[in-house]
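This report describes a few selected places in one protein chain. Please keep the sequence and the 3D view open while reading.

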Amino acid sequence: MIRFNLNGRDLALDVDGQTPLLWALRDTAGLTGTKYGCGQAACGACSVHVNDEPVRSCALPVSEVAGQRVLTIEGLGATQLHVVQRAWAELDVAQCGYCQSGQIMVAAALLATTRNPSDAEIEAAMSGVLCRCGTYARIRAAIKRAAELA
């Protein structure tokens, strides 16, 4: 049993400790908002927060989050939409939407530490979170809008 806090609730999952966190979340916990993209921690679609830091869940063994706090896209806006989610909707960021949960999780982590990020700070934080549709200009605008809403 791997025990950790998931979206504010203590949880024990009966999974092999080497199972990637992504698959423990999707297949065992039933939270499918976190997406599988590449399986190599290269695209960012699987990004979640572990102790408030964005991580790529596809390459992180679930045993490494034992006793930690994990936040997924489902938990980010559980009681009301997070400012990043509101800005995303307001500015119609998503086209296909596949990368959206990873993009939002990384952007939320950025805004938690940097209240009014510059373009360079946004670029640095978001680099490596790939968008197949190329909506990077709208992603940057939504992060700036979320900073205004916060």
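A residue counts as buried when its relative accessible area is under 20%, as exposed when that area is over 50%, and as partly exposed in between. The model shown here is a predicted one.

**Proline 117**

By that cut-off, proline 117 is buried, because its relative accessible area is 2%. Proline 117 lies in the loop that joins α4 (100-113) to α5 (119-126). Which residues does proline 117 contact, leaving aside its neighbours within four places in sequence? They are Leu110, Leu111, Ile122, Ile143, Lys144 and Ala147. Leucine 11 is 106 residues from proline 117 along the chain, and the C-alpha atoms of these two residues are separated by 34 Å.

**Helices α3 and α6**

Helix α3 covers residues 83-90 and helix α6 covers residues 136-149. The two helices pack at an angle of about 130°, and their axes are 8 Å apart. Angles over 145 degrees count as roughly antiparallel and those from 65 to 115 as roughly perpendicular; α3 and α6 are therefore oblique to each other. The crossing of α3 past α6 is right-handed. On the α3 side, the contact is made by Val83, Val84, Arg86, Ala87, Trp88 and Glu90. On the α6 side, the partners are Ile139, Ala142, Ile143, Arg145, Ala146 and Leu149. Sorted by class, this contact has 9 nonpolar residues, 3 charged residues and no polar ones.

**Three loop residues**

The table lists three further residues that sit in loops.

| Residue | Loop between | Relative accessible area |
|---|---|---|
| Asparagine 7 | β1 (2-6) and β2 (9-13) | 24%, partly exposed |
| Asparagine 51 | β3 (47-50) and β4 (53-56) | 28%, partly exposed |
| Threonine 72 | β5 (69-71) and α2 (73-76) | 1%, buried |

Asparagine 7 is not a glycine, yet it has a positive phi of about 55°. Asparagine 51 is not a glycine either, and its phi is positive at about 50°.

Is threonine 72 buried or exposed? Threonine 72 is buried, since its relative accessible area is 1%. Not counting residues up to four places away in sequence, threonine 72 touches Leu6, Asn7, Leu25, Leu31, Thr34, Val48 and Met105. Asparagine 7, listed in the table, is thus one of the residues that threonine 72 touches. The side chain of threonine 72 also makes a polar contact, at 2.7 Å, with the side chain of glutamate 74.

Conventions. Residues numbered from 1 in each chain as written. Predicted model: local features only at pLDDT ≥ 70, side-chain atom pairs only at ≥ 80, totals over all residues. Heavy atoms only, no water. Axes fitted to C-alpha atoms, helices over the stretch in contact; angles between N-to-C directions. Helix = DSSP H or I, 4+ residues; strand = E, 2+ residues; numbered from the N terminus. Parallel < 35°, antiparallel > 145°, perpendicular 65-115°, else oblique. Left-handed = near helix turned anticlockwise from the far one by under 90°. Contact = heavy atoms within 4.5 Å. Nonpolar A, V, L, I, M, F, W, Y, C, P; charged D, E, K, R; others polar. Buried < 20%, exposed > 50% of the residue type's maximum accessible area, 1.4 Å probe, protein only. Polar contact = N/O pair within 3.5 Å; in protein donor to acceptor, adjacent residues only side chain to side chain.
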